[in-house]
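Work through the exercises below with the sequence and the model side by side, and attempt each task before reading its solution.

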Amino acid sequence: MTKNTVADRSAASAAMLEDAGKGRALMGGTKAMREAGKEYLPKFEAESDTGYTARLRQSWLFNGYRKTVRDMNGRVFDKPVEVVDGSSDTMDAWLENVDMQGRDFSTFASEIFKDGISGSGISYIMVDSPRRAENTTKAEAEAQNLRPFLVHLTVEEVLGWRAETINNVMTLTQIRIAETVNEPDPKDEFKDIEVKQVRVLDLIEGRVSIRIFRKDGDDWAVVDEYPTDLTEIMVVPFYANRSGYFTGEPLLDDLSDINIAHWQSQSDQRNILHFARVPILFTSGYDDDGGKTPLVIAAGMATTTSNSDADMKWVEHSGKAIDAGRQDLKDLEFQMETFGLQLLVAKDGAQSATGEALDAAKETTQLAMIADSLQDALEQALKWMHQLAGNKDVSVSLRVNKDYGVSMMTAQEFTVMLTAVNTGNMSRETFMQEMARRGMVRADLDIEAELDRIEAEAPDLLLEGGADGG
């Protein structure tokens, strides 16, 4: 009988998982790098196991990689993801707990973004909903909170997929997802056990069906299978660095290599410092009487010998290698900083002085383009959520922050823009939006409501001004 291969990784999935290894280890910090052992810190020739273990345990990671990822993530999510179109009271409530695990929409999006840029250059969003019994009414679904939610899928969880060109569009027709579920331990009422399973979604003749596989002895068998009303598999990739359909490659691969080189150099530096700080006592002509009078080195102790030719001296490290190692570490740290900044550097291309004044360069940074990719993926996910809620014709538009390094408006700029408003060359709404963008007012200000308040208060202000003038 042929063994079921449902849990085997496809070649593309396996390649991406391998590519993600360096980034995953660096994101795990010193602990993860020590656990990786010889993979990123090779053992020296003739080095004993005890010596290697000691060297590994005293090595620590200067984590430029994780800092870069967090800095980039912080820039994009300096402002929350804004729903421009496609909002409703119901959707707003769902987005407060978008994954049914307590995370709001921006926090969820931040995790997707961080996973994509730190791993294999890709991450996935799946729109899911609880399985409903037949003939469940809308009121029953609302009462039981049977609502759509978002699921973050990593490259570790996506085992494989298939795609076909349908109506001239590349369409996902199958995906296999590795899952781990907690279930009560039948042998102990106070314990849970982890059960591994594989979820398979198939698009067959315009409808999605679902199969659940679990281990049965040495093989995998279907333990549940059911059809759905879905007309497409609701999994969308977020491409931080796309290499093909549903695939990516590490965005910060060069940075990870430099950081690993720093980890290895830092380990050497700590190792040589240990030996440099502990000088070696060299003796010649000293007679320990066959081991009966061993040499003791300690404060308040003296050593004598009857041999007139005996000599004793300390052998110390010159320190030149230590300085060279220190400079190497500084060079690597500078290179890490440089690679991290490249995400914020505008791509080559001519730009007018007016364009620079308007800060148009920010739209051409690599980080801004990655943020655009995230926005596209999130918009598709929200469209699917609306579809599952029965709102098929809703237009969805989001705004993910791309204003990196925008400074607060100067007094001169404020005066010029206010003059433009007063002379009818700029709308008050645009003026308020620019103030929010430049940090003059809070980013989440409801501009329409603010304009309504200004309109309502204007007659009162005129009356007050008239009374003062009279």
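**Exercise 1. Determine how much space lies in the second largest pocket, and which residues and elements line it.**

Solution. Begin with the volume: the second largest pocket holds about 920 Å³ of space. A pocket here is an open set of points on a 1 Å grid over the protein atoms alone, where a 1.4 Å probe fits, with protein on both sides within 12 Å along at least five of seven lines, and lining residues have an atom within 4 Å of a point. The volume itself is the space filled by probe spheres set on the points, which are joined across faces, edges and corners.

Next, take the lining, which consists of 31 residues, with Ser-129, Thr-228, Asp-229, Leu-230 and Leu-388 lying nearest the centre of the pocket. Two or more lining residues come from each of strand 2 (122-128), strand 6 (188-204), strand 7 (207-216), strand 8 (219-227) and helix 12 (366-388), and strand 2 gives the most, with 3 residues. Helices (H or I, at least four residues) and strands (E, at least two) are DSSP runs, numbered from the N terminus.

Finally, sort the lining by class: 15 residues are nonpolar, 7 are polar and 9 are charged. In this scheme Ala, Val, Leu, Ile, Met, Phe, Trp, Tyr, Cys and Pro count as nonpolar, Asp, Glu, Lys and Arg as charged, and the others, Gly among them, as polar.

As to the source, this is a predicted model, in which local features need pLDDT of at least 70 and side-chain atom pairs count only at pLDDT 80 or more, while totals for chains, interfaces and linings use all residues. Residues are numbered from 1 along each chain as its sequence is written, and side-chain values use heavy atoms, with hydrogens and water left out.

**Exercise 2. Establish the strand order of the open sheet of 5 strands, and identify its edge strands.**

Solution. The order is 4-5-6-7-8, with antiparallel pairing, where two strands pair if DSSP finds at least two bridges between them. Strand 4 (158-166) and strand 8 are the edge strands, since each pairs on one side only. Within this sheet, strand 6 and strand 7 run antiparallel and are joined by 8 bridges; Asp-202 stands opposite Ser-209 in strand 7.

**Exercise 3. Explain why one side of strand 3 and of strand 9 is left without a neighbour in the sheet.**

Solution. First write down the order of this open sheet of 3 strands, which is 3-2-9 with antiparallel pairing. Strand 3 (149-153) and strand 9 (235-239) stand at the edges and have a single partner strand each, so one side of each lacks a neighbour in the sheet.

Then follow the two pairings: strand 2 pairs with strand 3 in the antiparallel sense over 5 bridges, and the partner of Ile-125 in strand 3 is His-152. Strand 2 also pairs with strand 9 over 5 bridges, again in the antiparallel sense, and there Ile-122 stands opposite Tyr-239.

Lastly, consider burial, for which the cut-off is under 20% relative accessible area, with exposed meaning over 50% and partly exposed in between (1.4 Å probe, protein chains only). In strand 9, 5 of its 5 residues are buried: Val-235, Pro-237 and Tyr-239 point one way, and Val-236 and Phe-238 point the other way.

**Exercise 4. Decide whether Ser-106 is buried or exposed.**

Solution. Ser-106 is found in helix 7 (residues 105-118), and because its relative accessible area is 16%, Ser-106 counts as buried. A polar atom of the Ser-106 side chain lies 2.8 Å from the backbone nitrogen of Val-81.

Terms used: Polar contact = N/O pair within 3.5 Å; in protein donor to acceptor, adjacent residues only side chain to side chain.
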